[in-house]
Protein chains: 2
Amino acid sequence: MRTEFHEQLDSLIETLSQMCGLAGLAMERATHGLLQADLVMAEQVITDHEHLTRMQAAAEQSAFVLLALQAPVAGDLRVVVGSMQNVADAERMGALALHVAKIARRRHPAHAVPEEVNGFFAEMGRVAVELGNSAKEVVLSRDPEAAAKIRRDDDVMDELHRHLFSVLMDKKWVHGVESAVDITLLGRFYERFADHAVEIGRRVVFEVTGQTPPQ
Amino acid sequence: MRTEFHEQLDSLIETLSQMCGLAGLAMERATHGLLQADLVMAEQVITDHEHLTRMQAAAEQSAFVLLALQAPVAGDLRVVVGSMQNVADAERMGALALHVAKIARRRHPAHAVPEEVNGFFAEMGRVAVELGNSAKEVVLSRDPEAAAKIRRDDDVMDELHRHLFSVLMDKKWVHGVESAVDITLLGRFYERFADHAVEIGRRVVFEVTGQTPPQ
């Protein structure tokens, strides 16, 4: 029998799942805005972020109400607490997409990213969207295998990030300091986006098993 | 009358307060390691961080037990949930100090920071220690005035960060790309450290008043 508690909990999880998908979409659009120097797209990411912030506040509030009125225990408690923490990570992923969009806007009509490193950002953007979608799915499926996939995608992101830095640090870098600063920040934003997706996956494993997987 | 619940809650808050102080200390030492190219100090920050991570895990566990066994409501529930979220911010502050220490270690025996911008990092380090100590105090005192002071210190940090970037972007920057990349990351680490302290202050206000102050 479905209780009112479980209906409210499902609704919380559904909101969290949507937030993960929206964060991935934001990073997809921010990456497009960055690579195409598309101001309209960048502006849209910046405007849309407020929606994610409102969803976070509403989700935290509903988790709080569940704790106050239903006093869940054991696995249910883990899901409420974990979901509350996960919505903060999902919002942060969206905020990192927003930061990418702001760099695209700041350099418009110029491209923030020299053509030489376009490929890195196209690929990091692709992995970020994957990560957003994986997080979206894993909070619903609660499948530890899917959580493990997030970890593998994060390894790909870390590798891209390391490679990007080696290009940047190369003596042959000719695009100057301003561009290097932008790319350093951008690389960090994508890497942190992936880290937050990993956190979401780890918490889902904790919710299901009661054990936190190693970092 | 002090109940067992309130004794456990006080112990959770005490742990959180210590974590904020330790994060401030870590940033103080990391800044010293950075500015003096002091490898021993940098290594100490890196080694010590594990202690903060263990404190986080223990604090989250004790918050979880309080929720499961005591089912607190209203103000008490806000403090348990807020403290659980705040320990994650305090751990993150320590992780950012660790990142600073790692850059100092990577460039040793050279200085990661050119003498020209030493003053910025000395000052950002000083503000970060203040922020750690303010967070340490405010979670104990629960004083909204002290939380407001954190906000003012964060404004100082943001101003330093902006000014640092204008120096970096200046055509007269002669220290090359590698140094610019380091400084970009370092500036970001100090700025994020401050943001997490602000989050802790905001949550304390929420715990006391039930209202989240505007960002």
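**Note on the interface of chain B and chain A**

1. Across the interface of chain B and chain A in this predicted model, the rule finds zero salt bridges. Polar contacts give a like result, with zero residue pairs found across the interface of chain B and chain A when both residues are required to be at pLDDT 80 or more.

2. On the chain B side, the elements that each supply at least two residues to the surface touching chain A are helix 2 (39-70), helix 3 (74-107), helix 5 (144-169) and helix 6 (176-209). Helix 6 of chain B gives the most to this side, with 10 residues. By residue class, the side of chain B that touches chain A divides into 18 nonpolar, four polar and seven charged residues.

3. In terms of area, chain B and chain A bury about 2500 Å² between them, and 75% of this lies on carbon and sulfur atoms. Three residues, Phe64(B), Met169(B) and Arg188(B), supply 23% of the area that chain B buries against chain A, which is more than any other three residues supply.

4. The contact count is 29 residues of chain B with 29 residues of chain A. Of the interface residues of chain B, 100% are also interface residues in chain A, so the copies meet through the same surface.

5. As for the relation between the copies, chain B can be laid on chain A with an RMSD of 0.0 Å by a turn of 180° combined with a shift of 0.0 Å along the axis. This is the relation of a two-fold axis.

Methods
Residues numbered from 1 in each chain as written. Chains lettered and ligands numbered in written order. Predicted model: local features only at pLDDT ≥ 70, side-chain atom pairs only at ≥ 80, totals over all residues. Heavy atoms only, no water. Contact = heavy atoms within 4.5 Å. Buried area = accessible area lost by both parts, 1.4 Å probe. Salt bridge = Lys/Arg side-chain N within 4 Å of Asp/Glu carboxyl O. Polar contact = N/O pair within 3.5 Å; in protein donor to acceptor, adjacent residues only side chain to side chain. Helix = DSSP H or I, 4+ residues; strand = E, 2+ residues; numbered from the N terminus. Nonpolar A, V, L, I, M, F, W, Y, C, P; charged D, E, K, R; others polar. Least-squares fit on C-alpha atoms with pLDDT ≥ 70 in both.
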